[in-house]
Amino acid sequence: MKKRILVVDDEEGLRLLYKEELEEEGAEVELAASGPEALEKLEKGSIDLVLLDIKMPGMDGVEVLRRVKEKWKDIPVILCTAYPHYKHDFGTWASDAYVVKSSDLTELKQIIKEILSKT
Amino acid sequence: MVSDIIKNMAALVTSGAGLRIKLRNVAWLFLENFPFDQCSIYMRDENGRGFTLRAFAGEARGRVERYAKGAALAYYVKKEGKIAEVYTPDPADVRWKRVEDRGLEGYRSVVVIPLMDGSRCYGVLYLKSVKKVVLGRREKKTLEIAVLQLVSILKFAEIILDYKEVVHDLEQARAKLLSARKMIHLGGMAAELTHEIKNPLISLGGVASRIRRKIEKDSTALPYVDRMIKEIKRLEDLVNRSVAPLKDDSCAGEIDDINRILEDSLDYFADELRAKGIGVAKEFFKGKLMVETDREELKIAFDNLIANAIQSMDKGGTLVLSTLLNDGWVVTEVADCGGGIDPRNMDAIFNPFFTTKEDGTGLGLPITSSIITRHKGVIDVDNRAGHGVTIKIKLPCAGKDKKRS
């Protein structure tokens with residue numbers, strides 16, 4: 001069965017890039033441009049993993065992470081951000097992994113694979 | 001009548017007029033109140049070598065504009081430190097007591113008074129009369145007081161000059177501060193901009209990598225795509241090294257070992273160091289050197305320093321990294337042998353956007369410096385022009401063992 005990944009990022013270019021790259025790896029990819037949209041899609045069910053951007057207008061990634069972990073504590077969340085210094089934010093500790101964004105997606109794909117193999 | 005000059009001089013001392021006008025008025029006051037035909041005020045040149053006429057009133061005869069260093073009466077009174085009263089029966093005579101002075105020509109009585117403040121001589125006052133003049137006791141006393149007032153005018157002018165210099169220096173310092181603030185503001189704007197650039201850049205790089213995988217292996221477009229990917233990677237590295245200064249307050253209070261952070265930074269450059277034939281000498285403190293740090297930020301600081309060092313050593317050489325403990329400070333030194341900084345540029349190296357490199361941003365050192373400052377540390381540059389640069393970073397030690405190593 002294909003794994004379903006929810007990509008949450010306010011940058012359209014990045015959403016598309018992740019979608020294409022992850023689909024090539026054999027995953028099914030859902031997209032959300034904001035925190036509320038992501039929570040809506042999670043409500044519908046059958047998401048195996050969330051790829052979450054931190055810096056988004058409105059509800060930021062740390063807040064989305066908190067709500068996801070409250071409601072669906074078994075869905076793994078990978079925090080994804082342009083800025084390495086969020087790593088030390090207590091709010092991000094609840095995530096399953098933390099990835100600094102890069103145009104080279106090798107590391108991200110590797111982490112996704114590792115996490116999904118455990119579920 | 002004679003006391004009028006004292007009153008008038010007193011008014012002049014504190015008046016708002018410039019020195020030139022004050023002295024001209026003084027010259028006329030002396031002429032009006034004492035029985036002389038000519039009054040000249042000579043000031044000593046700044047180098048003390050000559051006396052130059054600064055104010056003049058009365059008879060034009062025997063007017064001397066300047067006494068160069070020599071034996072004129074001005075030098076006589078300066079040397080003696082007292083008044084010279086000269087009487088010559090013959091107005092054609094220009095000599096008095098072996099002193100030759102062309103200013104004596106045409107006069108029978110001359111009084112030359114040094115303008116002294118303690119041992120300091122500002123100049124001399126010349127009073128000349130065509131007829132013989134004998135001053136009474138009261139006149140002499142009044143003359144002495146008037147001369148004291150003249151000295152106070154000169155001293156006042158000197159203080160004003162010092163004051164103006166101080167104001168000028170202050171204004172310059174203020175201008176410097178303003179431009180530094182502007183630079184900090186610009187630096188902040190640049191940091192904001194790099195933030196905004198990062199996301200589209202990742203998108204661009206990701207798409208370029210996708211193109212690379214989609215095109216045929218023997219496609220002529222392949223080298224172009226590779227070049228694109230390489231350049232995007234370079235921009236990404238640059239942005240990663242610049243994102244720190246958006247946070248302002250002090251750093252997050254984590255404790256970490258500086259040796260480990262340095263090793264991490266070095267790892268990041270391992271390929272580049274090898275490619276450029278640069279050796280690395282690690283002179284690390286044996287044991288942990290704990291500092292309170294935002295690890296990622298401090299790594300950015302070291303990355304910048306190491307990147308600068310590598311860029312300067314285009315002919316290879318050895319990069320020396322050392323750490324030690326000194327009086328509660330963790331000291332890290334990054335030393336290159338890349339020729340050093342042109343001494344003319346030393347004042348500017350911490351200014352945002354100042355760069356001598358063709359593809360430099362001028363943000364490396366300012367960002368590094370702001371990171372170190374946020375860590376309550378100090379950054380020092382030891383520039384050995386023609387040889388190399390050593391950047392010394394001192395951070396407060398967070399460990400229990402703060403003794404000298």
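A polar contact is a pair of N or O atoms within 3.5 Å; within protein, one of the two must be able to donate a hydrogen and the other to accept it, and residues adjacent in sequence count only if both atoms are side-chain atoms. By that rule, in this predicted model, 10 residue pairs are in polar contact between chain B and chain A, with both residues of each pair at pLDDT 80 or more.

**The interface**

On the chain B side, helix H4 (137-214) and helix H8 (295-312) each supply at least two residues to the surface that touches chain A. H4(B) gives the most, with 13 residues. Sorted by character, the chain B residues that touch chain A comprise 4 nonpolar, 6 polar and 10 charged.

The size of an interface is often given as the accessible area lost when the parts come together. Here chain B and chain A bury about 1900 Å² between them, and 51% of that area lies on carbon and sulfur atoms. Chain B brings 20 residues to the contact and chain A brings 18 residues. The rule for salt bridges finds 6 across this interface. One of them joins the side chains of Glu20(A) and Arg210(B), at 2.9 Å from N to O.

Two side-chain pairs are listed below, one across the interface and one within chain B.

| Pair | Kind | Distance |
|---|---|---|
| Glu20(A) and Arg210(B) | salt bridge | 2.9 Å, N to O |
| Asp256(B) and Arg295(B) | polar contact | 2.7 Å |

**Chain A**

Chain A contains 4 helices and 5 strands. Along the sequence these elements come in the order β-α-β-α-β-α-β-β-α. Of the 119 residues in chain A, 51% are buried. Among contacts in chain A with a separation of 6 or more, 60% are between residues 24 or more positions apart. The accessible surface of chain A is about 5800 Å², with 50% of it belonging to carbon and sulfur atoms.

**Asp256 in chain B**

Strand E9 of chain B, residues 254-257, includes Asp256(B). Is Asp256(B) buried or exposed? Its relative accessibility is 8%, so Asp256(B) counts as buried, the cut-off for buried being under 20%.

Which residues does Asp256(B) touch, leaving aside those up to four places away in sequence? They are Ile261(B), Leu289(B), Met290(B), Val291(B), Thr293(B) and Arg295(B). With Arg295(B), the side chain of Asp256(B) makes a polar contact, side chain to side chain, at 2.7 Å. Helix H8 (295-312) of chain B, one of the helices that supply the side touching chain A, has 295 as the start of its range.

Key:
Residues are numbered from 1 along each chain as its sequence is written. Chains are lettered from A and ligands numbered from 1 in the order in which they are written. This is a predicted model: local features need pLDDT of at least 70, side-chain atom pairs count only at pLDDT 80 or more; totals for chains, interfaces and linings use all residues. Side-chain values use heavy atoms; hydrogens and water are left out. Contact means heavy atoms within 4.5 Å. Buried area is the accessible area (1.4 Å probe) that two parts lose on being put together, summed over both. A salt bridge is a side-chain nitrogen of Lys or Arg within 4 Å of a carboxyl oxygen of Asp or Glu. Ala, Val, Leu, Ile, Met, Phe, Trp, Tyr, Cys and Pro count as nonpolar, Asp, Glu, Lys and Arg as charged, and the others, Gly among them, as polar. Buried means under 20% relative accessible area, exposed over 50%, partly exposed in between (1.4 Å probe, protein chains only). Accessible areas come from the Shrake-Rupley method with a 1.4 Å probe; for residues, only the protein chains shown count as cover.
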